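Let's take a walk through this model together, stopping at a few places worth a closer look. Have the sequence and the 3D view open as you read.

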Amino acid sequence: MTDIDWANLKFSYTPTDYNVRCYFRNGKWGAIEVSSSEYINLHMAASCLHYGQNGWEGQKAFRCPDGKIRTFRLEENAARLQSTCRAMMMPEVPTELFTEMCLKAIKLNERFVPPYETGAALYIRPIVLGTGAQLGVSPTDEYLIIIFVTPVGPYFKGGFSATNYVITREFDRAAPQGTGKYKVGGNYGASLRAHVKAAKEGYSCEFYLDPRTKKYIEECGAANFIAVKGNKYITPESDSILPSITNKSLQQLALDMGMEVECRKIPVEELETFEEAGACGTAAVISPIGYIDDPENGKRYTFSKDGQPGPVFQKLYNRLRDIQYGIEPDVHHWVTVID
Ligand code: PLP
Ligand code: COI
């Protein structure tokens, strides 16, 4: 038992009992280790500290109405982490190792999986770090993967109610042929100035355009942009966007609902034509957008006046949650049941 106030959890760190670790040394991954320490003993010249050699992931585990715990599309997170590892010249973490470590971290911390009724979930955060001492700029030869878990509530205040964004042209989270499509710490470090500025101005988050031309929509902070126009589910296509697993799943659910899915360049002005707009991701789930301000031309694109999601997002959200909670049949084989 824990004394956590589940219903009032925010998206923040709460200590749990254990994390799991695995080292890559002498050209191979070793045995999985269990640790109860929240700290890492790290060499001061480790490549992750100086040269940003790192990568990470984010998933959730859910306590379901049938009492079981379910995870969602772990293999997709493993594949994305592998693509991040390749991009950062780190050894790939095999899918079986990744999955075994995730399941172990969840099981060891079962008492921290929030009860179904609270709407909270157990967030799983795998991180890969270059730990070898490295002075010249080149990849190191020792790495560590740690998977920790922590119970979380909604990413945005208000949960499934509308949030507001401001377009940023001053800062980019990634370069046109840089690391935007990978989950590396540097992208998030680069986003902090824009994020703090947006928050100071009263927005929930910053909104990115493509870094090359600033003409097309990219990301809603640390989430993908999605929109609805008529019977179409529309989302941006770009080389510098993180391929969201939530977005990929919602696209499938939209197709299942008989919608058309368009993944293409979206000019900023097209915002005017959308009936619903939102941010999607593991942390954000679907977070409807109230409005997006464009300070360059003083324009406000409004999507939700009452703070509520539109009918299509509501339906997609319900479908996704019902699959994650084992309420609807898992026809696409997205869910792993933990016994
Ligand atoms: N975009 C960015 C930059 C992110 O950090 C995330 C979070 O992982 C997402 C989008 C959403 O991706 P996913 O749905 O796989 O969590
Ligand atoms: C997620 O949605 O899992 C993310 O990784 C976003 C994050 C920055 C909390």
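Let's begin at ligand 1, where a polar side-chain atom of Y188 lies 2.5 Å from an oxygen atom of the ligand. Keep in mind as you look that this is a predicted model. The side chain of S244 also takes part, with an N or O atom 2.6 Å from an oxygen atom of ligand 1. I245 contributes through its backbone instead: one of its backbone N or O atoms is 2.8 Å from an oxygen atom of ligand 1. On its own ligand 1 has 390 Å² of accessible area, and the protein covers 96% of that. There are 15 residues around this ligand, and those that come nearest are K183, Y188, S244, T246 and T282.

Two of those names, K183 and T282, lead us on to ligand 2, since both belong to its surroundings as well. Around ligand 2 you will find F11, W56, Y123, R125, Y155, K183, A222, T282 and A283. Which atoms of these residues make polar contacts with ligand 2? In Y123, a side-chain N or O atom is 2.9 Å from an oxygen atom of the ligand. In K183, a polar side-chain atom lies 3.0 Å from an oxygen atom of ligand 2. In T282 the backbone is involved, with an N or O atom 3.3 Å from an oxygen atom of ligand 2. Here the protein covers 89% of the 280 Å² of accessible area that the ligand has on its own.

Now turn to R21, which sits in strand β1, residues 19–25. R21 is buried and yet has no salt bridge. The cut-off for a salt bridge is 4 Å, while E33, the nearest side chain of opposite charge, is 6.6 Å away. What does the side chain of R21 find instead among backbone oxygens? One of its polar atoms lies 3.0 Å from the backbone oxygen of S37, and the backbone oxygen of Y39 is 2.9 Å from a polar atom of the R21 side chain. Beyond its neighbours within four places in sequence, R21 is in contact with residues including A31, I40, M101 and L144.

Elsewhere, charged side chains do pair up, and the structure holds 19 salt bridges. In one of them, R25 meets E142 with N and O 3.7 Å apart. This pair links distant parts of the chain, as R25 is in strand β1 and E142 is in the loop between β7 and β8, 117 residues apart. R25 counts as partly exposed because its relative accessibility is 39%, and E142, at 31%, is partly exposed too.

Another pair is K197 and E170, whose closest N and O atoms are 3.2 Å apart. K197 belongs to helix α4 and E170 to the loop between β9 and α4, with their positions 27 residues apart in the chain. Are these two partners exposed or partly exposed? K197 counts as partly exposed at 38% relative accessibility, whereas E170 counts as exposed at 53%.

The loop between β9 and α4 also holds D172, which pairs with K214 in the loop between β10 and β11, so parts 42 residues apart in sequence are tied together. The N to O distance in this salt bridge is 2.9 Å. Finally, K229, K232, E262, R264 and E270 are joined into one network by salt bridges that share partners.

Terms used
Residues numbered from 1 in each chain as written. Chains lettered and ligands numbered in written order. Predicted model: local features only at pLDDT ≥ 70, side-chain atom pairs only at ≥ 80, totals over all residues. Heavy atoms only, no water. Helix = DSSP H or I, 4+ residues; strand = E, 2+ residues; numbered from the N terminus. Buried < 20%, exposed > 50% of the residue type's maximum accessible area, 1.4 Å probe, protein only. Lys, Arg positive; Asp, Glu negative; His and termini not counted. Polar contact = N/O pair within 3.5 Å; in protein donor to acceptor, adjacent residues only side chain to side chain. Contact = heavy atoms within 4.5 Å. Near = heavy atom within 4 Å. Areas by Shrake-Rupley, 256 points an atom, 1.4 Å probe, with all protein chains shown as cover.
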